[in-house]
Amino acid sequence: KVIRNGAKFSTTIFRKKTFTGLYTRWDSYAPTSQKIALIRSLTIRAKRICSPELLDSEVSQLKSIFACNGYPSSIVERIISQVLENSNSRNPSGLPRAFIKLPWLRSASAPFKRKIQCLVEKYVPLCDAICCFTTRKMLCTTNKDVLPMTYLSNVIYLFTCECGRKYIGRTSCRLSERMNQHVSKRLVEFAAKPNVAPVKRPRGRPPKVAKATTPSEQHPGVNPDTTTDVSVRRSSRLAAKPPAKPPAKPPDKCDPRPVSAEAPPEQDVSNLDPDVVLAVTGDENSDSAVTRHLKASLPCLLKVGRQLPHHFSVIGRARNRFHLAVLEAIFIAKQHPDICQQKEFLRTLYLF
């Protein structure tokens, strides 16, 4: 604040009209060194800014502010007098400083600080250790569970085919839903059983089947006049019961080799039924670029369909749809994916 006095002017501390004089209270949960540093820093600011004729009024105002915040008057007087009388440098020892950040734990922090300083003076005499206390958590922890990759939304994903070609896309829904849009269940079933024609499931609820009411309808081939109800029920249970499977042979305990599932054998594309392939690869009007690529390359389809989640990965996350579109354009311009079709419409993106 500049005050004009004729041909001269003087300076002092400027405070807004909304200033309430509230600082860290003396009885608050904070290190005592921070409270003393507050007195020292405000006094140094007044000493550097205020003119000599206005310094005394600023110092008296500081004393009243600290008194309102519960600071002992003896400590305030001692720190202010030290700052006004001495003009020492920030590093009087001239040694390199090592700042050590420690958590503030009231009475346990001061003894721990002295022990650290003694150890530094003993083993590293050419270094000045300064311990800084903080009331914040040293290790940032979160209580949220980590979501699986397929449950994430608002992401930029990368699809890598077996042949090495790539596709980069964006989605605001779950990644699992977008994966099913690229590689439908029909294609996954075809990859598991290539020579079996896919079944077209009718839409809507299945039709209701009327239940049998008479004994002859419930058990066809059984004469109800000569067979009792108990024997019919017993024979029907025995006929419907599947044959028992032999128990699986346990692995040899002496065999040190680990038991692992064998990888599915490679499927020969030349032996596939052409009618089944045509039923799966037909109707490309509503297919995405990834689906058209897999249908055009049957070996890739057979490999990708068996291990679908391993071919998708999240390479970026966004806050909203605009951020999502910008990230997608940046990744496509940087990595140049082969399967993407929207890369032809990319223009130079100027961010700054």
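This passage walks through the strands, ring pairs, nonpolar cores and charged contacts of a predicted model.

A good place to start is the sheet. Three strands make it up, in the order β6-β5-β7, with antiparallel pairing, and the sheet is open. Since β6 and β7 stand at the edges and each has a single partner strand, one side of each is left without a neighbour in the sheet. Going from one strand to the next, the twist averages 25°. Between β5 and β7, which run antiparallel, there are five bridges. Within this pairing, Tyr157 stands opposite Val314 in β7. In general terms, strands of a sheet pair through backbone hydrogen bonds, and they can do so in parallel or antiparallel fashion.

There is also a hairpin at the other end of the numbering. Strand β1 (residues 2–5) and strand β2 (residues 8–11) run antiparallel and are joined by four bridges. Here Ile3 stands opposite Ser10 in β2. Two residues sit between the strands of this hairpin, and Gly6 takes a positive phi near 70°.

Next come the aromatic rings. A pair of aromatic rings is described by two things, the distance of the centres and the angle of the planes. The structure holds seven aromatic pairs. One of them is formed by Tyr157 and Phe312, a tilted pair at 6.1 Å centre to centre with 45° between the planes. Tyr157 belongs to strand β5 (residues 155–160) and Phe312 to strand β7 (residues 312–317), so this pair ties together parts that are 155 residues apart in sequence. Tyr157 and Phe312 are both buried. Phe312 also pairs with Phe159, and that pair is tilted too, at 5.1 Å centre to centre and 45° between the planes. Because Phe159 lies in strand β5 and Phe312 in strand β7, the pair ties together parts that are 153 residues apart in sequence. The relative accessible area of Phe159 is 0%, which makes Phe159 buried, and Phe312 is likewise buried at 4%. Ring pairs link Tyr157, Phe159, Tyr167 and Phe312 into a cluster. Elsewhere, a ring meets a charge: Lys35 lies over the face of Trp26, at 5.5 Å from the ring centre.

Two of the clustered rings turn up again in the nonpolar interior, as Phe159 and Tyr167 are among the residues that touch the most other members of the largest nonpolar core. That core has 29 residues, and Ile168 and Leu294 complete the list of its best-connected members. Two or more residues come from each of β5, β6 (166–171), α5 (175–182), α6 (185–192), α10 (289–296), α11 (298–306) and α12 (321–335). Helix α11 gives the largest share, with five residues. A second core of 15 residues is separate from this one, and includes Ala46, Tyr71, Ile79 and Ile80. As a general background, nonpolar side chains in soluble globular proteins tend to be buried together.

That leaves the charged side chains. The structure holds four salt bridges. One of them brings together the side chains of Glu328 and Arg170, at 3.2 Å from N to O. This pair links distant parts of the chain, with Glu328 in helix α12 and Arg170 in strand β6, 158 residues apart. Glu328 is buried, with a relative accessible area of 11%, whereas Arg170 is partly exposed at 38%. Helix α12 and strand β6 thus share this contact, and both also give residues to the largest core.

Another salt bridge joins the side chains of Lys63 and Glu77, at 3.1 Å from N to O. Lys63 sits in helix α2 (residues 52–68) and Glu77 in helix α3 (residues 73–85), so the pair ties together parts that are 14 residues apart in sequence. Lys63 is partly exposed, with a relative accessible area of 28%, and Glu77 counts as partly exposed at 38%. In a further case, the side chains of Arg25 and Asp27 meet in a salt bridge at 3.4 Å from N to O. Arg25 counts as partly exposed at 35% relative accessibility, while Asp27 is exposed at 60%.

Notes: Residues are numbered from 1 along each chain as its sequence is written. This is a predicted model: local features need pLDDT of at least 70, side-chain atom pairs count only at pLDDT 80 or more; totals for chains, interfaces and linings use all residues. Side-chain values use heavy atoms; hydrogens and water are left out. Rings of Phe, Tyr and Trp (its six-membered ring) pair if their centres lie within 6.5 Å; planes under 30 degrees apart count as stacked, over 60 as edge-to-face and the rest as tilted. Buried means under 20% relative accessible area, exposed over 50%, partly exposed in between (1.4 Å probe, protein chains only). A charge sits over a ring if NZ of Lys or CZ of Arg is within 6 Å of the ring centre and within 35 degrees of the ring normal. Two strands pair if DSSP finds at least two bridges between them. A nonpolar core is a set of buried Ala, Val, Leu, Ile, Met, Phe, Trp, Tyr and Cys residues joined through side-chain atoms within 4.5 Å. Axes are lines fitted to C-alpha atoms, for helices over the stretch in contact, and angles run from 0 to 180 degrees between N-to-C directions.
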